[in-house]
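Here are a few notes to help you find your way around this one. Have the structure open beside you as you read.

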Amino acid sequence: MESALGEELKALRLYRNIDQKTLAERAGVSVRALRSLEAGHGSTLATLVRVVRALGRQDWLETIAPVPTINPLSLTRGAQPRQRASGKRRQRRAA
């Protein structure tokens with residue numbers, strides 16, 4: 001997954017005709033960090049976010065974990081929205 005993401009970022013950078021040094025400067029990261037990200041060798045989340053923003057693709061970040069607008073369980077229980085998360089349940093010991 002990291003390799004595929006890195007390849008997509010590299011392809012977008014090349015499509016926009018931006019070299020690694022320029023993109024790294026725009027993103028505020030080192031060239032080495034950008035190379036590592038593009039190669040799929042791992043990087044920090046902060047580096048990923050900065051590079052994606054520098055490429056003008058913030059919309060990618062919104063698709064990672066969209067906030068659900070409808071909870072199917074709330075439709076069956078009535079229209080009451082949850083006020084808090086459930087606590088941990090205790091397991092009963094076998095006798």
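Which residue takes a positive phi just after α3? That is G40, with a phi of about 80 degrees. Bear in mind as you go through the points below that this is a predicted model.

1. Let's stay with α3 for a moment. This helix covers residues 31-39, and its buried residues are L34, S36, L37 and E38. The cover over them includes α1 (2-15), α2 (20-27) and α4 (45-54).

2. Now go to α1 and check its length. It has 14 residues, and at 1.5 Å a residue they should span 20 Å. The C-alpha atoms at its ends are 20 Å apart, so the model agrees with that expectation.

3. Next, look at which way α1 faces. G6, L9, L12 and R13 are buried here. Viewed down the helix axis, the buried residues sit within an arc of 125 degrees, so they line one face of α1. E7 and Y15, on the other side of the helix, are exposed.

4. What do the buried residues of α1 pack against? Their partners are α2, α3, α4 and α5, the last of these being residues 58-64. Following α1 there is another positive phi to look at: N17 has one near 60 degrees.

5. Q20 is a handy residue for seeing how parts of the chain come together. It lies in helix α2. If you set aside neighbours within four places in sequence, Q20 is in contact with R13, V31, L34, R35 and E38. Of these contacts, R13 is one of the buried residues of α1, while L34 and E38 are among the buried residues of α3. Take R35 as a worked case: Q20 and R35 are 15 residues apart in sequence, yet their C-alpha atoms are 7.6 Å apart in space.

6. Last, the largest pocket. It holds about 200 Å³ of space. There are 13 lining residues, and those closest to the pocket's centre are E2, L5, L37, S43 and L48. You have already met L37, as a buried residue of α3. The elements that each give two or more residues to the lining are α1, α3 and α4, and α1 has the largest share, with three residues.

7. And what is that lining made of, in terms of nonpolar, polar and charged residues? The split is five nonpolar, seven polar and one charged.

Conventions. Residues numbered from 1 in each chain as written. Predicted model: local features only at pLDDT ≥ 70, side-chain atom pairs only at ≥ 80, totals over all residues. Heavy atoms only, no water. Buried < 20%, exposed > 50% of the residue type's maximum accessible area, 1.4 Å probe, protein only. Helix = DSSP H or I, 4+ residues; strand = E, 2+ residues; numbered from the N terminus. Contact = heavy atoms within 4.5 Å. 1 Å grid on protein atoms, 1.4 Å probe; cavity = no way out; pocket = protein on both sides within 12 Å on 5 of 7 lines; lining within 4 Å. Points joined across faces, edges and corners; volume = space filled by probe spheres on them. Nonpolar A, V, L, I, M, F, W, Y, C, P; charged D, E, K, R; others polar. Expected span 1.5 Å × (residues − 1). Arc of directions from axis to C-beta.
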